[in-house]
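Trainee: I am new to this structure and would like a close look at a single part of it. Could you take me through the metal site in chain A, step by step?

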There are 2 protein chains.
Amino acid sequence: MSSRFSLVFTLLFATSLAYAQPISPRLEQRAAALAGKAGEDNLGYALVESLTTEVGPRLAGTEAEARAREWAVDRLRSLGFSHVRVEPFELPVWERGVEWAQITDPYPQPLVITALGGSTPTGPDGVEAEVTAVASLEQLSAAPPENMKGKIVFVDEVMTRTQDGSGYGVAAGKRRAAAYIAEEKGAVAVLIRSVGTSQHRFAHTGQMRRLTEDGAVRGVPAAALSAPDADQLQRILASRGSVTLRMVLTPQQRPAGMSGNVIAEIPGTEAADEIVLVGAHLDSWDLGTGAVDDGAGVGIVVAAAKQVMDAMPEGPRRTVRIVLFGAEEVGLVGAQAYAQAHADELEKHIVASESDFGAGRIWRFETNVAEDKIDAAQALGSVVRSLGAARGGNNASGGPDMKYIREAGVPVVGLKQNGWDYFDLHHTPNDTLDKIDPADIAHNVAAWSSFIFLAANADGYYR
Amino acid sequence: MSSRFSLVFTLLFATSLAYAQPISPRLEQRAAALAGKAGEDNLGYALVESLTTEVGPRLAGTEAEARAREWAVDRLRSLGFSHVRVEPFELPVWERGVEWAQITDPYPQPLVITALGGSTPTGPDGVEAEVTAVASLEQLSAAPPENMKGKIVFVDEVMTRTQDGSGYGVAAGKRRAAAYIAEEKGAVAVLIRSVGTSQHRFAHTGQMRRLTEDGAVRGVPAAALSAPDADQLQRILASRGSVTLRMVLTPQQRPAGMSGNVIAEIPGTEAADEIVLVGAHLDSWDLGTGAVDDGAGVGIVVAAAKQVMDAMPEGPRRTVRIVLFGAEEVGLVGAQAYAQAHADELEKHIVASESDFGAGRIWRFETNVAEDKIDAAQALGSVVRSLGAARGGNNASGGPDMKYIREAGVPVVGLKQNGWDYFDLHHTPNDTLDKIDPADIAHNVAAWSSFIFLAANADGYYR
Ligand SMILES: [Zn+2]
Ligand SMILES: [Zn+2]
Ligand SMILES: [Zn+2]
Ligand SMILES: [Zn+2]
């Protein structure tokens, strides 16, 4: 890989100079060289391997997530980062129990389901009822309650496969809201076609409405069907008109458990009070080992920051802060805790970004900054673009855990990964290490190291 | 598809004449025309859809397998076949219970496993023991008992992906024997890397030593790990040397239940006592809906025989007998029952074959006949070859359920399907209808209809 990377970087440096405006050619040259070196390193993949093997699944608020924090603290310290610490917070804890469904009439047979995060239980005997299908959340909302009363509602909305993940928002909408709307209509339970893009027989879990938004809402018991099972149910409904189904879900909810954000820094020098925040989330769903979601992000941002630290023994101008968020999956609880705990400091957050979209290669560098700072912020992505990313728009989310600090005014950028296959694995038992190509992680580490280096050493502001 | 098929058949008829020796050009021309017509029909796929939807999983000896027989009798009668009947037989019935495994030390986490068919139970509390890994069944056989005593043995043998399925025999060997060898060595349980070729997180079930071979053997509790979980276990063993694991399996075995073979015929005319047997198996494993194994085979042979029946209202020379075997998966129990029940008639079985290798296209036509009848038997595959199959050797198995009648001297042929992807799905929950391309089923129906037509109307013998 070495010689190829060197050649690429020699070439791209020449072309990328044309874009560099608020950043000196010398800084950009160093960023390109750093990316070239980072692309040859395997620390990013090694970290994903270590996290997914030595901790495995790490559901928010559980003992497994606590072990993930210990793992992170230990790794960040031994890699040489400063101010490694946990910022703990409390949250309600939901844990999966039995999950089981069966068509009882006609054509008795089991179906593959998984409870949605936050689902209420059916009780150990489950519920048995006739199924009524709706094609979308809108159709559910519009349905007369008399058609839903006493029924198991099946929301059969298909998610669109896209590179940018734009199919997710619509599909996740049904996951978030179906149980509550079904409850209002008098239904006894709800099944959704999994929010996902694969035909493999995995049901995709995921949180219902955010804990941080709705402390009190309950909803009917809610589960996702795998795609083949949704097809099967639809086929039987189409040919026979009526299906009776029994489902059992026994999740438990505890009022409070502990989670926390793990934080580490490369202390800045001339502008040590200015912060470049790079994040990923440490928690995962319980079904897989959280490799693409979000072990990959953890490996990428930590390995990229390590490259920057090693390249600058004198320290960067600004402080680089790594935040490995806890409890992302259950409703951005760590993100909210961070924004609250650091409210006074947010004006000193110069730019922030999170890696949380799998292990695909970066194809777009996008911003969410003041209109007159777009070019300056895009300059932070000059090497990223040279690695193959297009220039994106100025509506970046920056990643899910950037929500609250972005809303508080922190400029964010997005190193947008190719998510074409991401939702094949997302929130399923199949999210395991073997699905990741180490070369893709190295590409991401190269891109992120250049971005971190430039953001931490530039003197621009993006508000 | 129509015009493409017509063109292909016009062309291939010209070339295939050169091979035709014991079969008249006129017969072969009709077979080619029949295949062309069959390739445009969707009955084969419709039957797979119906069986996998309306019955779903159909484990040998269960009520679900009984419903599959009802389904088959009903369909075969309404399609117009004659002498539709069930030939029942008894067998011990094994049913899956809870299956669950967890690494307890180091790195506690769940693993995806599935019990092997015929496994003994661990009891509801399971077994917890240190894991000892062996690379192969040979290594297990050679291991000193003191290294295995009290341990959970992990047999980490990788199956080779091949077109012809030749990787299966070796890999299935460990599935069949590991529990018994481990028991001899004093182990408490055995885990095998799944016999399969996919990295998706499904464990592949399958029968241990055949019921028909070993009534009395017991063995230690035995399960298969999914490939990602086998990787995970191997990784931890490699880095930490020692792993403790808990596993729970609660299958139950009943001494006797009912199964049966479903039989239907197209009565012959001049040579009505001569039988051309075409088969598939009706039972499936309980995890998936048995689409590629062996719903596909059921759809293919029934649809192909239907084509022959419709093309010859006067009836073929010989009797065509469809046999949908019961209890194949648990040890060819239906195959043995058929061979016993029809022992007197086997000398009148002119040629036989089974479709039981998924829904892939046919790439080879092979025989297992008297040395001096190879060309005559290959002539039965002239149209099959024209559809893209190569001429194979003379060591065909003819399909698993052909074992006992082949051993009793019945000539068999193999319409060998491309099995490159078959073991990705085989014996997993992921064996569902959506994995089948209807055009591939149509190709198989075309090939089989030509073979059946030629075998039923030729006057050759192959012993
Ligand atoms: Zn995520
Ligand atoms: Zn997620
Ligand atoms: Zn089979
Ligand atoms: Zn099978």
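Mentor: Happy to! Let's start with the zinc ion (ligand 1), whose protein donors are H281(A) through NE2, D293(A) through OD, and D356(A), which is listed twice through OD. These atoms lie 2.0 to 2.5 Å from the zinc ion (ligand 1). A donor here is an N, O or S atom within 2.8 Å of the metal (3.2 Å for Na, K and Ca), and water is not among the atoms, so sites may look incomplete.

Before going on, a word on the ground rules: this is a predicted model, in which local features need pLDDT of at least 70 and side-chain atom pairs count only at pLDDT 80 or more, while totals for chains, interfaces and linings use all residues. Residues are numbered from 1 along each chain as its sequence is written, chains are lettered from A and ligands numbered from 1 in the order in which they are written, and side-chain values use heavy atoms, with hydrogens and water left out.

Now for the geometry. The four donor atoms around the zinc ion (ligand 1) subtend angles of 55 to 147°, and therefore the arrangement is irregular. Four donors count as tetrahedral if all angles lie between 85 and 135 degrees; four count as square planar and six as octahedral if opposite donors are over 155 degrees apart and all others between 65 and 115; anything else is irregular.

Along the chain, the donors of the zinc ion (ligand 1) follow the spacing H-x11-D-x62-D. D293(A) sits in helix α9 (residues 291-311) of chain A, and D356(A) in the loop between β13 (349-354) and β14 (362-368) of chain A, so this pair ties together parts that are 63 residues apart in sequence. Helices (H or I, at least four residues) and strands (E, at least two) are DSSP runs, numbered from the N terminus. D293(A) and D356(A) are both buried, meaning under 20% relative accessible area, with exposed over 50% and partly exposed in between (1.4 Å probe, protein chains only).

D293(A) also bridges the zinc ion (ligand 1) and the zinc ion (ligand 2), which lie 3.3 Å apart.

Chain B has a zinc site to look at too. There, H281(B) (NE2), D293(B) (OD) and D356(B) (OD, listed twice) coordinate the zinc ion (ligand 3) at 2.0 to 2.5 Å. Its donor residues are spaced H-x11-D-x62-D. D293(B) coordinates both the zinc ion (ligand 3) and the zinc ion (ligand 4), which are 3.3 Å apart. H281(B) and D293(B) are buried.
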